[in-house]
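The following exercises are to be worked through with the sequence and the structure at hand. Each task is followed by a solution in steps.

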Amino acid sequence: MNDPSIESLKASVLNPDGNGVADNFERVVNLVRVLRHECPWDRKQTRESLAHLLLEESYELIHAIDEGDEVELKKELGDLFLHICFQVILAEESGSFTFSDVFTSLCEKLIGRHPHVFGDIVADSETDVLKNWETLKLREGRISLLDGVPKAMSELLRAYRVQKKVAGVGFDWKTGDEVLEKLSEEIGELQGATTKTEQEDEFGDLLFTIVNYSRFLGVNPEDSLRKATGKFMTRFACMEREVQASGRPWQEYGPEELDVLWNKAKSATSR
């Protein structure tokens, strides 16, 4: 026998009462609740089993942003929101918290961290805001300034986040030129490394310093590297088409010919 409450949820999903934001929000939430009850795959899922999918959806969303594809962006935002709903509904089922708890916590946190908007603190620049932000986090009970930096982040972005946090309390280089000097120093130390362990250590220091310099340029290193990799892939695809059209295998191409193909691909994809 069908569960009348589930049948009611199904009806609200298939025939929503309205098309406003609140109506559509409730429709998505009810849809996930129905899936949790009716779909064998959805019934099996846990927070842990969905974690990697949440990460994948985030990457797909970023890809849509990079491509400037509004249609895909809309779809990927929906997919990400679906996973957020799923996580909250799992919490509701275990009695941990509800959507209302999530939204209340978010509002209280943002109001508390913006005393320059909702209080009498003065913050005339982005730097002032960031310094206040990190100080307020410590007042919330965090033991270390670096608490909360996710280990699951890419290490490039993790280094960026760590550096921004310590810079927020004044532990930072004064100018970008100082970082460039440090960069030259790190390159020299890498060149002088003689063992694999030393080379790994010095290469890590070099990368960390490059990330530091990105902050002074106002560039996010993760975004920059992602775009550079995408640009390389586009240009290499142009080379592949040329090689395939020639009927010759890659092995027959010498370095000079490959340079010609690469420069041709760069010209064709310049922007």
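**Exercise 1.** Determine which residues Leu 146 contacts, leaving aside its neighbours within four places in sequence.

*Solution.* The model is a predicted one.
Step 1. Locate the residue: Leu 146 is part of the loop that runs between H8 and H9.
Step 2. List the contacts: with neighbours within four places left out, Leu 146 meets Val 162, Lys 165 and Val 166.
Step 3. Compare sequence and space for one of these pairs. Leu 146 and Val 162 stand 16 residues apart in sequence, and their C-alpha atoms are 6.6 Å apart.
Step 4. Classify the exposure. Partly exposed covers the range between 20% and 50%, so Leu 146, with a relative accessibility of 35%, counts as partly exposed.

**Exercise 2.** Test whether the length of H5 agrees with the span expected of a helix, and state which of its residues are buried.

*Solution.*
Step 1. Take the expected value: with 1.5 Å a residue, the 25 residues of H5 should span 36 Å.
Step 2. Compare this with the model: the end C-alpha atoms of H5 are 37 Å apart, which agrees.
Step 3. Identify the buried residues. In H5 they are Leu 73, Glu 76, Leu 80, His 83, Cys 85, Phe 86, Gln 87, Val 88, Ile 89, Leu 90 and Ala 91.
Step 4. Find their partners: the buried residues of H5 pack against H2, H3, H4 and helix H6 (99–112).

**Exercise 3.** Decide whether His 83 and Val 88 are buried or exposed, and name what each touches.

*Solution.*
Step 1. Place both residues: His 83 lies in helix H5, and Val 88 is found in helix H5.
Step 2. Apply the cut-off. A residue is buried when its relative accessible area is under 20%. His 83 has 10% and is therefore buried; Val 88 has 6% and therefore counts as buried.
Step 3. Read the contacts, not counting residues up to four places away in sequence. His 83 touches Leu 50, Leu 53, Leu 54 and Glu 57. Val 88 touches Phe 97, Thr 98, Phe 99 and Val 102.
Step 4. Add a separation: between the C-alpha atoms of Val 88 and Asn 220, which are 132 residues apart along the chain, there are 30 Å.

**Exercise 4.** State which residues make up the largest nonpolar core and which helices supply them.

*Solution.*
Step 1. Recall the general tendency: in soluble globular proteins, nonpolar side chains tend to be buried together.
Step 2. Name the members. The largest nonpolar core has 9 residues: Val 29, Val 32, Leu 50, Cys 85, Phe 86, Val 88, Ile 89, Leu 90 and Phe 99.
Step 3. Assign them to helices: at least two residues of this core come from helix H2 (21–38), and at least two from helix H5 (70–94). H5 gives the largest share, 5 residues.
Step 4. Look elsewhere: apart from this core lies another, of 6 residues, including Cys 238, Met 239, Tyr 253 and Leu 261.

**Exercise 5.** Describe the setting of Asp 42, beginning with the question of whether it is buried or exposed.

*Solution.*
Step 1. Asp 42 has its place in helix H3 (residues 40–44).
Step 2. Buried requires a value under 20%; the relative accessibility of Asp 42 is 8%, so this residue counts as buried.
Step 3. Not counting residues up to four places away in sequence, Asp 42 touches Leu 35, Arg 36 and Phe 86.
Step 4. The C-alpha atoms of Asp 42 and Val 32 are separated by 8.6 Å, with their positions 10 residues apart along the chain.

**Exercise 6.** Characterise the largest pocket and the second largest pocket by volume and lining.

*Solution.*
Step 1. The largest pocket has a volume of about 720 Å³. It is lined by 24 residues, and Ile 62, His 63, Asp 66, Arg 226 and Lys 227 are the closest to its centre.
Step 2. Helix H4 (47–67) and helix H12 (221–246) each give two or more residues to this lining, and H12 has the largest share, 10 residues.
Step 3. By class, the lining of the largest pocket comprises 7 nonpolar, 8 polar and 9 charged residues.
Step 4. The volume of the second largest pocket is about 370 Å³. Of its 16 lining residues, Thr 127, Leu 130, Ala 167, Asp 172 and Arg 215 lie nearest its centre.
Step 5. H8 supplies the largest share of this second lining, 4 residues, and the lining divides into 5 nonpolar, 6 polar and 5 charged residues.

Key
Residues numbered from 1 in each chain as written. Predicted model: local features only at pLDDT ≥ 70, side-chain atom pairs only at ≥ 80, totals over all residues. Heavy atoms only, no water. Core = buried A, V, L, I, M, F, W, Y, C linked by side-chain atoms within 4.5 Å. Buried < 20%, exposed > 50% of the residue type's maximum accessible area, 1.4 Å probe, protein only. Contact = heavy atoms within 4.5 Å. 1 Å grid on protein atoms, 1.4 Å probe; cavity = no way out; pocket = protein on both sides within 12 Å on 5 of 7 lines; lining within 4 Å. Points joined across faces, edges and corners; volume = space filled by probe spheres on them. Nonpolar A, V, L, I, M, F, W, Y, C, P; charged D, E, K, R; others polar. Expected span 1.5 Å × (residues − 1).
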